Structure formats: C-alpha cells, structure tokens
Amino acid sequence: MEIPSKYNALSVEKKWYDYWMEHNYFHSVPDEREPYTIVIPPPNVTGVLHMGHMLNNTIQDVLIRRARLLGKNACWVPGTDHASIATEAKVVAKLKGQGIDKNDLTREEFLKHAWDWTEEYGGVILEQLKKLGCSCDWDRTKFTLDDDMSEAVIKVFVDLFNKGLIYRGYRMVNWDPEAKTTLSDEEVIHIEKQGLLYYLEYKVEGSNDKLTIATTRPETIFGDTAICINPNDERFTHLKGKKAIVPICGRVVPIIEDDYVDIEFGTGCLKVTPAHDENDKVLGDKHSLKVVDIFNDDASLNGFGMHYEGQDRFVVRKAIVKELEASGILVKTESHINKVGTSERTKAVIEPRLSDQWFLKMEDLAKPALDAVLNNGDVKLFPKKFENTYRHWMENIRDWNISRQLIWGQQIPAYYYGDGKEDFVVAESIEDAVKLARVRTSNSELQASSLKQDTDALDTWFSSWLWPISVFDGIRNPENNEIKYYYPTNDLVTGPDILFFWVARMIIAGYEYKDQKPFENVYLTGLVRDKQRRKMSKQLGNSPDALKLIEEYGADGVRVGLLLSSAAGNDLMFDEDLCQQGKQFANKIWNAFRLIQGWDIDNSMEQPNSSKVALEWYASKFQKTTAEIEDHFSKYRLSDALMTTYKLIWDDFASWLLEIIKPAYQKPIDSTTYNEVIGVLENNLKILHPFMPFLTEEIWHYIKERAPEEALIVSQWPEKKSINDKLISEFELAAEVISGIRNIRKQKHIAFKDAISFAIINNEDTSSTFDEVISKLGNLESFNYVEEPVDGALTFRVKSNEYFIPMEGSIDVEAEVKKLIEELNYTEGFLKSVQKKLANERFINNAPEQVVTSEKKKEADALAKIETIKASLASLK
C-alpha cells in the first residue's frame, strides 16, 4: 500500500471510528471473561464539550482501551443527566424569547417544551465525545429521565419513605430566587464579597432610650420580630423586659435575652428575623417568636415590605438606606467582608427561606460509606489527599433536601387526599396511591381524581446517585445477570468538585441497595486552568473550543497534550503548545514507520551482529519500560505512564534502535532484522494505543492487511518476558561513548562520512557486546583496546574508561594545542576562584546548603575537565 508522506489526522479519525462502530468493538455483553466496567459521569443533557470533559473522558478512554487489550470484557456506559435546574432555565429562557410565560402553561405543556428542547439539543455532547475517540458502549446509552431510570428513582423514594428515612419538614432552606427552587447546602457556593455594615437605631418603647444594631441587610428589618441581648451584658441591664420599635414599619417587638449573643461582637444587640436567617430561626423557635416572611419567591418584597412591595431586595436595600439616613436612624456604615451564598447553577444570591420540603435522613445512611473509604479501604480515592475532604463532609453530614420547585425531573410520588400537611400517601403509582388513600381515609369509594400529586420534582442528584446501579437495571431487577456481572464497577473518573454531590452519594446508595461498594477506585482529576492558573470558563473567555483543537492538532495530539500535563488530582495548566507536542509525536511515529517501510529487504543477507544485539537490548528495555508503565497505571499516574511510553518510543526506538539497524544509504536490510523490528513496532503500537488510538490503528493496518478480528483495538497487550538488566546497563554506557564520539566530531568539524580511528583503555572491564554498535554509529574505521594513552589523539572519559580519537590528518595539531592551552588556563582560573570561595569559612558557614553543594560540584567538574584537557594535550604533543 502507498503510505502518504504526511499523517492526515482528520480523515484517519473518521475512518477508524466508523470502522470500530461498524464492527461493534465497543459493545459488551456478560461472558466468561473478567469484566472491567466504567460508568461515565453523565454530562448535562444540554452540555457541549469543554476542556474538563476532554480531560475526564480521555482518561476514561485510556483505561477502557487498555482493559480491552488486557483481555478483559470492557464496558463503558455512556449517558446524560437531565440536569433539572440548568435545563429548565434554558427552556424558560427560550419560552420567554417566544413571549411565553412558564407560569401560564400547564405541567404537561411545559414538559412538552422541555422534551422538545432535549430532543433538539440533548446528547450533542455524546456525539462530540466520539470525535475524541471515546470507545463507549453506545448501545447502552442512558438518560436519567428514561422511563426505566425514573421508575428506579421513584421506587427508591418510596422505599426510603417506608423505612422512615424520607420525611416532609418545614425548615429553613437555601432558596434560589432566579430558578425559584430550593438548593441543598452543597449546591451553594460561598463567595467572599466586599459589602457594608449598617448601624441602625431602634427606639425603646415608653422611654427616650435607644439601642443600636448592626446589619448587612437593612431591607430585612420588615421581618424583625425581636431584639436579643446577652443576659450577662451589663450594658443592657436596663433593657431587660422592655420592647423595641422597628424603624419604618413601627412594629413593637420584645427585647429577649439569650447567651447566643456574643458580647464582644458588633454592638451587643442583635435583630432577630426568624424567616430569613437560620440562626435567627433557632432563636425564634426557642423564644416562640412570630415569623414574618417579607419576600416573594423571586426575592422581591411582599406586602410586609410596605411601600417597597414588588421591588427587588437589592433595589430596596439602596432605597431604604437613603430613607433610614434621612430619618436619622442610620448611625454609620462600615466596610465589611462577608461570605455570600450563591447558587452554583444560576449564580443568584441565595435567600434563606422557611419552606415545606422533603428531606432524607443521612446520618445512618452515611456510616457504611464513611467506613468504605476511611476504614476498610473498599473504595480508594486517588490521590489519597481527598480522604480528608471526604471525612469532613461525611462526618458533618446534614439531612438532604431532596425536593425542588421545578417541573423538569422525576415528580415526587406523594399524593394528597386532603388539605392537611399530613394528608398524603407515598406510592410508586396512582393506582397504588388510591389503595393506600382508601385505607388511610377509610373511604373505599375514593377515586384517583380525588388525589393531587405533589408538584415538586426530585433533586437531580437523587437520580444520579443510583447511576452505577440503575444503568444495569439493578433497582427494578436486583438479581438480573447484568448487575451481577458488571457491579461493582471498577474505576470512576470525575472531578473533586462533585466528590460529595455525586461520589459520596453513589457510595451511600451502593451500600443501601446492593450492600456493596459501587466502584473500587475513584480517580479525581484536577481542574483545567490556563497558563495564568485561572479556571477555564466561558465568562473569562480563556477556554479554547475543544472541537477546533481536535481539528487543528488531531484527537490523538489533543489527548497527548492533555495527559502530559495532568497529574492525578492536580490542576492542569493547559497550554496549546502541549497539543502541538502531541501532534509532533504523532508525526515522529508516522515518519519512523515510513522509514522502516522504505527499506528494501534482502532475504539472502545475514543479520549484522550490531542489529542482533540492538534488538536484544530493545526487547529488554521494552519489558522494563512496560513494567514501569503498569506500575504507573496501578497508581493512576496516567501522565507518567504516557511520558514513559513517549520516551521509550521517541528516544529508545526512533533515536537509537532505528539508527542502529538502519541500512547504509541505498543498501538493503536483512529480512531477520526487518521482521523483528516490525514486531517491535507492533508492540509499541499496542502500549501506545490507549493514548493515541487513531494513529496506532492506522499504522497497524498499513503494516499488513488484517481481518476485523485482528484489529489493534482488540489485539493483546504484549506478554511479559524476562529482562536482561546487564544488557540495558551496557547499552547505557555504549550510548555515552557514542555521544562522546559525536561531540568530538561536532567540535572538530569532522564530517560523519569520514571514518575515524578509535581506541579504549578499558579500566571498567566493559563488555564488548556493543562495540559493533559503537563502530557503526561512530563511523569508526578501527576499534582497538590499548593499555597506554594514544599519542596525537583527543580523549574523553566515560566512568573510568578512557577513549581516544587519533587526530593525525584530521585537524591542525598546532592550532588545537593552542586552543586546548587557552581552555586549560581559563578552567584553572575558574577552579581557583571556586576553591577560594570554598576555603572561606564564613561562606561555608553562612551560605545555604544548596549553594555550597553547587560550588563543590563546580569544583569537581572543573577538576575532571582539567584532567581531560591535560590528557588531550599530552596525546597531541
């Protein structure tokens, strides 16, 4: 076959991905082999490929392709998450653009729009993953709102409710006024912001006394229902038992006492707003205070806000400050930094709000998941440093608010048959609900039409925490063959930002529903940052277009670029030059292959000894390197595994082995060497395939025509063989000798075509195994072992061996002697200056240890150089 002069990544990638799909290599069914299973962290259904996805899915594909080559039954389950808040927000925005208000639609009408949106935009990211080379079992693609997946979620909700673990409670929750839904604590990001602290005066009823409180939120005074002082604070003894008047609204509120108030903080007087602060709610419950909710669901003020009704909270803040100042109530303002809770999804500032919500008790559920990671090692985190984060979250776990005021998602299976808060039943279907409600009400005539289902949807994470089980239908059919074969899965690759959101909760669900861990290892990737260490984001505009990178550098080039800089758990400083390096590596391999294929073969030629020993050396070097690679994989150091592979192929294979076996110009190569080097190349392609699947498959099929069952993707990882460490060590010395010869040729401008004589004083008792290799790569006309230094020769050392290159006729001896004397004088002068510094006790005692060490190294290097120059001079005189 005619091999193109250049590697064309784009045409190659489409060709081989189509070929892999056509022959169903990615599909897995249970069989007698050992399973190797990964479930994809399901991206948002409306998502598009970004750098984080590129890194995460490249790592997963490397692991799954390697497992395939190791003979395992590799199964990588792909899918997408319905992403309640994010998707609903996009659908609402689209409807708004069409002049449609979500609130004017029935639930069914809105869901139709949401499904239309999902069918139009959903799953785009999965198609984009194919361009990266991801070898997912696409036949198994799941969506968290698929009928079977939703059925599993509802089944689990009902089960947990019946176990007494799910309850409905009136609690202070995190309210997102933009999405108009509650959020769990983990979905709130606390951001430090510069704000103001406002000091306000409240009148004391029936006197001329006043008290001062400090607040960051003056607009919430409309919800004040008490002022609190510490009973031990002598400054306010006169206020005990009295009442205060809230400014503007004129509400008279009690002055209560509680040692919750910190005497040292602020003014010592605390305004209590039970409806809008979690700590105030605790105080309010303790002292039976009235609760006044001043906000609408969009965080505008309601009727309690008086003349500010209908205005946004931040607009009111500015306006009320002016009113308070004009009334003489605002005493002063101070700059103040505080942590502001913001929605992870919408970036809106969170509003604490009292609300009826559904909660899952977590304390007992979390215990097996805590033990799995921290005590018995059933689940291992890589890197281990994240165990502390995991411990902190799990030991301080709070009940999970699992209800969301959204339409898009699994609707909570609670059915109300009356007006009371407790007038409901929980069931998997309306039919079951009717049966339960008939029993509860003692009304055998009750019909489905009398029941009203809860309008809230479940938190998206309540779907995805079942992911490793539900993708194999392990909730609905817990004893099916697939769940028994594929579960627990092997590796999970994800980001540390969802270690609690998703990873911990999947472990909890695994022990609750399978009495087993969901996976063995969790590989936590770092964040992808730019060269300035900034997190890549659309807002900053510092995130390159993932698909354009693939177009420019090829998928293999981008995969290599990402992995070379991605140590487990550490952030990746992305630099496009790394992709260029990946592309150059692909070209290097392509050109090495073309070089081999360009050689003519002579079947009658004997194999040169230099080629024989070089191939023996490379076989051992390959085995030693693959052992290192396997060690890196076992520790999830994929970057190191790739770099070790990279160096083996670039340095040992392309730069050394091919140079040694390469036939002379326009001469043929013997068939033994040619066949052996093809075998070497094939093994190189196998260990490189997980990282660079397209390039390797292309070359694999150029080597010879192969049937589909002989494709590289389903070939076998190279078998383990013995390692000759002595041979590897001998080659390392030979390589230094060759480098010494090349350096002298370069320094003295001796053309490589001119053969030179060579001699060695073998003080190291070095083996002669690689003498013919040294002769070939050094173009030596003679290779002599001698007992005495050779006159008229330049010399160099490797360890204690001395090597001589006679210079007769090659150089102007007189000019070379002059040059060497100048170099000797300079080096001796440099040595004196270094030794003078080292003789200075003050320097030795005061300089940092690394500086002294550096100076001592300079001394040793200078002494060695002087010895070599003197030897060269002696040989030339």
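What share of the contacts in the chain with a separation of 6 or more comes from residues 24 or more positions apart? The share is 77%. The views below come from a predicted model.

**View 1. The whole chain, with its extent and its secondary structure.** The chain holds 26 helices and 31 strands. Its C-alpha trace spans about 115 × 75 × 50 Å along the principal axes. The radius of gyration is 37 Å, whereas a compact globule of 877 residues would have one near 29 Å. Residues 24 or more positions apart make 77% of the contacts with a separation of 6 or more.

**View 2. The surface and the charges of the chain.** About 40,500 Å² of the chain is exposed. Carbon and sulfur atoms supply 47% of that area. Of the 877 residues, 53% are buried. Side chains with a positive charge number 108, and those with a negative charge number 139. The centres of these two sets lie 3 Å apart.

**View 3. Helix H21, residues 693–703.** How many of the 11 residues of helix H21 are buried? The count is 11 of the 11, so the helix is largely enclosed by the rest of the structure. The buried set includes the aromatic residues Phe694, Trp700 and Tyr702. Glu697, Glu698 and His701 are also among the buried residues of H21. Pro693, Leu695, Thr696, Ile699 and Ile703 belong to the set as well. An α-helix has 3.6 residues a turn, so residues three or four places apart point the same way.

**View 4. The packing partners of H21.** Which helices do the buried residues of H21 pack against? From the earlier part of the chain come H1, helix H2 (51–69) and helix H5 (124–132). Helix H16 (546–564), helix H17 (576–597) and helix H20 (671–688) are partners too.

**View 5. An open sheet of 3 strands.** The strand order is E19-E18-E20, and the pairing is antiparallel. Strand E19 (424–426) and strand E20 (452–453) stand at the edges, each with a single partner strand, so one side of each has no neighbour in the sheet. Strand E18 covers residues 414–416. E18 and E19 are joined in the antiparallel sense by 3 bridges. In one of these, Tyr416 has Phe424 of E19 as its bridge partner.

**View 6. Two cis peptide bonds, at Pro383 and Pro488****.** The bond that joins Phe382 and Pro383 is cis, with omega about 0°. Pro383 sits in the loop between strand E15 (380–382) and helix H10 (386–395). Tyr487 and Pro488 are also joined by a cis peptide bond, and here too omega is about 0°. The loop that holds Pro488 runs between helix H14 (481–486) and strand E22 (489–494).

**View 7. Positive phi at Asn24 and Ala299****.** Asn24 is a residue other than glycine, yet its phi is positive, near 60°. Asn24 lies in the loop between helix H1 (9–22) and strand E1 (35–39). Is Ala299 buried or exposed? Ala299 counts as buried, at 1% relative accessibility. By contrast, Asn24 is partly exposed, with a relative accessible area of 42%. Phi of Ala299 is near 70°, again a positive value in a residue other than glycine. Ala299 is placed in the loop between helix H7 (278–286) and helix H8 (313–326).

Definitions and conventions. Residues numbered from 1 in each chain as written. Predicted model: local features only at pLDDT ≥ 70, side-chain atom pairs only at ≥ 80, totals over all residues. Heavy atoms only, no water. Helix = DSSP H or I, 4+ residues; strand = E, 2+ residues; numbered from the N terminus. Rg over C-alpha atoms; globule rule 2.2 N^0.38 Å. Buried < 20%, exposed > 50% of the residue type's maximum accessible area, 1.4 Å probe, protein only. Contact = heavy atoms within 4.5 Å. Areas by Shrake-Rupley, 256 points an atom, 1.4 Å probe, with all protein chains shown as cover. Lys, Arg positive; Asp, Glu negative; His and termini not counted. Charge placed at Lys NZ, Arg CZ, Asp CG, Glu CD. Pairing = 2+ DSSP bridges.
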